[in-house]
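Here are some short exercises to work through with the model open beside you. Try each task before reading its solution.

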Amino acid sequence: MYDLLVVGSGLFGSVVAFEARRRGKRVLVVDKRDHLGGNCFTQRIEGIDVHRYGAHIFRTSDRAIWDYLRQFCEFNHFVNSPVANYKGELYNMPFNMNTFNQLWGVVTPAEARARIEAQRVPCASPRNLEEHVLSLVGRDVYEKLVRGYTEKQWGRPCTELPPSVMRRIPLRFTYDNNYFNDPYQGIPMEGYAVVMQRMLEGCELRLSTDYLAHRSELDALADAVVYTGAIDGFYGYDLGPLEYRSLRFEHETLDVDNYQGVAVMNFNDADTPYTRIIEHKHFAFGTQPVTVVSREYPAGWQPGDDPYYPINDRRNAALYARYRERADAQSRVRFGGRLGEYRYYDMQDTVKSALAKYEEWFGAESDAGDRGG
Ligand code: FAD
């Protein structure tokens, strides 16, 4: 018999499992995939940690979260500086003085600001993403760096997307290609899979096990359940499925030591069918004689496909609220993580949420457990 069954060995489930083990609980973790780690999983191929479900760069401004994860790994000094490729023209990201120099040949911040100001199409209340972006940055940045990429990502023209898709457009008037502003950033030196392995030490782990297919048998093994799978799936989609955007990854090992010279290259034109190529070795300054690259294709989603990005529109928000109401009405199963809460969480937010939820759900009994040994 276990004190806790954790469904899903992603970051949320792994933090919850670690916190329970740390307090002396017996924990069973099941995952329907054949590996642990959820979407953060890295698989070592030719000595290279391959981010199987898309580039995962850890960053935070919260020292406590950084230190929490550093119990399980050492981070390297990787800094995310992606390059945008528009029909063979290369631009630094995020939009900064390097980008403006590449676009227009301007050198000073004043020149860049004047260029943007001259192109902006002011609009007091933009009705769609196109109007919104044109009002903030003007035509060149929109056409070359925003439109094609965003339309591929969401499978819809920018004129049919809400401004909220890109509420803020970070413009930097310094020569700074660091994508993130956070002071703490990096990639676990031994890969994310090792981080999760360490978090799950002492737990029983059953992989390739779909909780929903073995629910009564698994429920009978534990006093409480933390479920990090899809909330609508838990209820058999009986109110209808929540919608997602999905992704397809094409991984390839190439017999060259350096394919594109950067970890993340975005393809911002509408014609290239993928949005990004990731060259994994550059996350770790790898010197292997070969390289592994992954092309990332945005895709529509149907029940059964891998869900990646929740579609936060009114219909889905209302549907989620109905599933949530049911979930809140029961206390034996707790729902958490990006699928259980139907929201996009960065890794730092996932860790924060898992720690807070653990306290909320089991805090009092844990304290008693801690005292009692
Ligand atoms: P998941 O990682 O999805 O884990 C859920 C687990 O539950 C999975 O292993 C799944 O197999 C399992 N499961 C589901 N249903 C069942 C079931 N019925 N039975 C058994 N097991 C089940 N964050 C960053 O901070 N930086 C980044 O650079 C970054 N890049 C990202 C890139 C992409 C493409 C995506 C999609 C996300 C990215 N994220 C990034 C976010 C990050 O992936 C999430 O914060 C994190 O994975 C959330 O963890 P989770 O445990 O909630 O979910």
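**Exercise 1.** Find how the axes of helix H3 and helix H4 cross, and which residues make the contact.

*Solution.* Start by locating the two helices in this predicted model: H3 covers residues 97-104 and H4 covers residues 109-119. Next, look at their axes, which come within 10 Å and cross at roughly 65°. The crossing is left-handed. Now pick out the side facing the partner: H3 brings Met 97, Phe 100 and Trp 104, while H4 brings Pro 109, Ala 112 and Arg 115. Sorted by class, that gives five nonpolar residues, no polar ones and one charged. With Arg counted as charged, the charged residue of this contact is therefore Arg 115.

**Exercise 2.** Do the analysis again for helix H5 and helix H6: at what angle do they pack?

*Solution.* H5 spans residues 129-137 and H6 spans residues 139-154. Their axes lie 9 Å apart, at an angle of about 145°. H5 passes H6 in a right-handed crossing. From H5, take Leu 129, Val 133, Leu 134 and Val 137; in H6 they meet Arg 139, Val 141, Tyr 142, Val 146 and Thr 150. The tally by class is seven nonpolar, one polar and one charged.

**Exercise 3.** Look for unusual backbone geometry: where does Pro 94 lie, and what is the phi of Lys 87?

*Solution.* First, go to the loop between strand E7 (89-92) and H3, where you will find Pro 94. The peptide bond joining Met 93 and Pro 94 is cis, with omega about -15°. Then step back to the loop between strand E6 (83-86) and E7, which holds Lys 87. Lys 87 is not a glycine, yet its phi is positive, at about 50°.

**Exercise 4.** Describe the surroundings of the ligand: how many residues surround it, and which are the closest?

*Solution.* Count the shell to get 35 residues, the closest being Gly 8, Gly 10, Gly 38, Gly 229 and Gly 337. Then ask which elements give two or more residues to this shell: they are helix H1 (11-22), helix H11 (337-340) and helix H12 (347-372). Finally, split the shell by class into 16 nonpolar, 13 polar and six charged residues.

**Exercise 5.** Zoom out and work out how the protein is divided into domains.

*Solution.* Domain 1 is made of 2-77, 185-243 and 310-372; domain 2 is 94-166, and domain 3 is 244-299. Between the centres of domain 1 and domain 2 there are 36 Å. To finish, compare with the record: an unreviewed UniProt entry places "UDP-galactopyranose mutase C-terminal" at residues 144-344.

Methods: Residues numbered from 1 in each chain as written. Predicted model: local features only at pLDDT ≥ 70, side-chain atom pairs only at ≥ 80, totals over all residues. Domains from an automatic or database assignment. UniProt positions renumbered as here; feature names shortened; annotations may be inferred. Axes fitted to C-alpha atoms, helices over the stretch in contact; angles between N-to-C directions. Helix = DSSP H or I, 4+ residues; strand = E, 2+ residues; numbered from the N terminus. Left-handed = near helix turned anticlockwise from the far one by under 90°. Contact = placed C-beta atoms within 7 Å. Near = placed C-beta within 6 Å.
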